[in-house]
Amino acid sequence: MELSLQNLSVAISGNEILKSISLTVREGEFVSLLGASGCGKSTLLKAIAGIIPQSGGSVIIGGKSADMLPTHRRGTVIVFQDFRLFPHMSAAENIGFPLKMRGAARSEYAKTALELLEKVQLKGFENRMPHEMSGGQIQRVALARALAASPNVLLLDEPFSSLDVNLRQDMRSLVLRLQREFEITTVLVTHDRHEALTMSDRIALMADGSILQYDTPEKIFQSPASRQVAEYLGDASYLEGFVKDGIFKSGIVEFPSDKPNGLYQAMLRPSMVRIAPEGDKSFRIAELSYQGESYSALLEHLETGAKIRTLIQSPCPYRLGDKVALSIDTDKAILFPANK
Amino acid sequence: MKNKRSLFHKIIVYTAILSIAAPIMVLLLWSFASRWAWPKLLPEGFSLRAFDELFGPHSPVMPVLLSSMGISLGVAVLSAAIGTITARAIALYDFWGKELVSFGSILPIIVPGTAFAMGIHVVFIRLGLADTVLGVMLVHIIYALPYTVNIMLDVTRLVGDTHEVQSRVLGVSPSRTFIHVSLPQLMPGIMSSISMAYIISFSQYFLTLMIGGGSVKTFAVMMVPFIQSGDRTISSAYSLLFLASTAAVFIMIEALIKRFAFWRDKTE
């Protein structure tokens, strides 16, 4: 079902946690709420589910206002970070619980539980108790239980953050596969930009109780609305400069731009910068750190002192202090007005 | 080293067993003794006087014991229920006057028993509750509540409301959530509360005498005069019966706990 938030505000003991949030998640869409901890993304999830009362605005689910509906009538199922399996029920009982409580016959919910266990690749685990399962298995059961409740909107609250790195990728694929199969409108809360970029149809980037930008992963990465958005999505370096008569100029690069005249900062991703084999060696390697497949290098412009970050493939032929030339791919550089 | 440790361990275990078993053995001997004066190591004669007193055809003891167990079980279940609800309010909800309720729940054990009983007595006379079984049960409940509230407060805080929230987002109503999700997890604490409140109520002498005014006879009310009068044979027999009946109730509660013990397979 479509989920729509209109000017949703939440205040907890006088503190405004969410400031007039408006957001529409289309039916069957996978949307990530991305932001640093404390930005209000988990609060937003709880407000959607009606666990935290809203102080203003509306939550609209499937075209109908859910403002007056208590949590258990909203059909907004949350999978929490700590999974919360009921400790006194087996895996199958946990999964069958939402159906059992709706008055389904024993044979019916037992059958659904077995089917869903198979869907989350836990065939044969029906009689396991939660304390007999690993973190990944517990999460699969929690996911199956959420699906058993046939949610209008599935809300995932940082569900992968407590898992091992290796397991995370498997779980992400499983979640995406099930989400597509069941066509469930899904909202994922995460602070992991990689997770948001790889999984989502659209990303809502949040900071300080507001949504800074709501767009597809490609657009939000390639044309961030502000420096804050750009910085959250990846490493960036900035070159101070100005635009005059359609040309951006800094001490290092010059390229055409359609921005009006004024002071700007040109944002460069590490991937836009490469060390050139030939040319004017006007940069010095100021920092070099090993990162496995590549080195992250901070290059300092000898003349202006401007610093630019880039990646160098391993093995790295350079050493700290070496002087190098750079080729900068200015086509993708993004200009932000300088806020001075 | 290991030997020393196991020896120490044995000493503790046997001391514990001895300190429970020895007094019971003495009670058992006394119950059937006719005369047992110092410095004799064993009674000089045996009799079934106490047995007659307790179980004889005209003895009121068994009916009183049964009604007393009934009163105490009623008190235990009710105060565990009130304790569960109060603890839930204090642990999970914010409301005006919460600190006051929290403090008020331990007042009955802070105020000296006599002062407490006198005050309650006056109130109960006005309400017409003095000298009634209901009055006695009420005063026992009030006296047992601080214990049950505190036991349940710990358990409720431990269980928390995270599973309840999970259940509600899965579409289960709050009342069904409480029955199917919270109650099973609170059950061990509820059983402890019942045991605690039972023993408090069952051993209550002064409060029962004061509020019941002698017309409500409980086992403790019948037993204490024998102890005070120094009739050791009868007192010992009463004490043994007291222990046996309480043990029976506790075994019953224990069996109920096992029924709810979802952690039964937990071995780590």
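This short talk walks through chain A, one of its sheets, and its contact with chain B.

Please keep in mind that this is a predicted model, in which local features need pLDDT of at least 70 and side-chain atom pairs count only at pLDDT 80 or more, while totals for chains, interfaces and linings use all residues. Residues are numbered from 1 along each chain as its sequence is written, and chains are lettered from A and ligands numbered from 1 in the order in which they are written.

Chain A has eight helices and 20 strands, where helices (H or I, at least four residues) and strands (E, at least two) are DSSP runs numbered from the N terminus. Of its 340 residues, 39% count as buried, a term that asks for 20 or more other C-beta atoms within 10 Å of the residue's own, with C-beta atoms placed from the backbone.

Let me turn to the sheet, which is open, has six strands with mixed pairing, and follows the order β6-β7-β8-β3-β9-β10 in chain A; two strands pair if DSSP finds at least two bridges between them. At its edges lie β6 (76-79) and β10 (210-215) of chain A, each pairing on one side only. Within the sheet, β3 (residues 30-34) of chain A runs parallel to β9 (residues 202-207) of chain A, and four bridges join them; A:L34 stands opposite A:L205 there.

Finally, the contact between the chains takes 21 residues from chain A and 18 residues from chain B, counting residues whose C-beta atoms, placed from the backbone, lie within 7 Å. On the side of chain A that touches chain B, β6 and α2 (91-101) of chain A each supply at least two residues.

Terms used. Two residues are in contact if their C-beta atoms, placed from the backbone, lie within 7 Å. A residue is buried if 20 or more other C-beta atoms lie within 10 Å of its own, exposed if 12 or fewer, and partly exposed in between; C-beta atoms are placed from the backbone.
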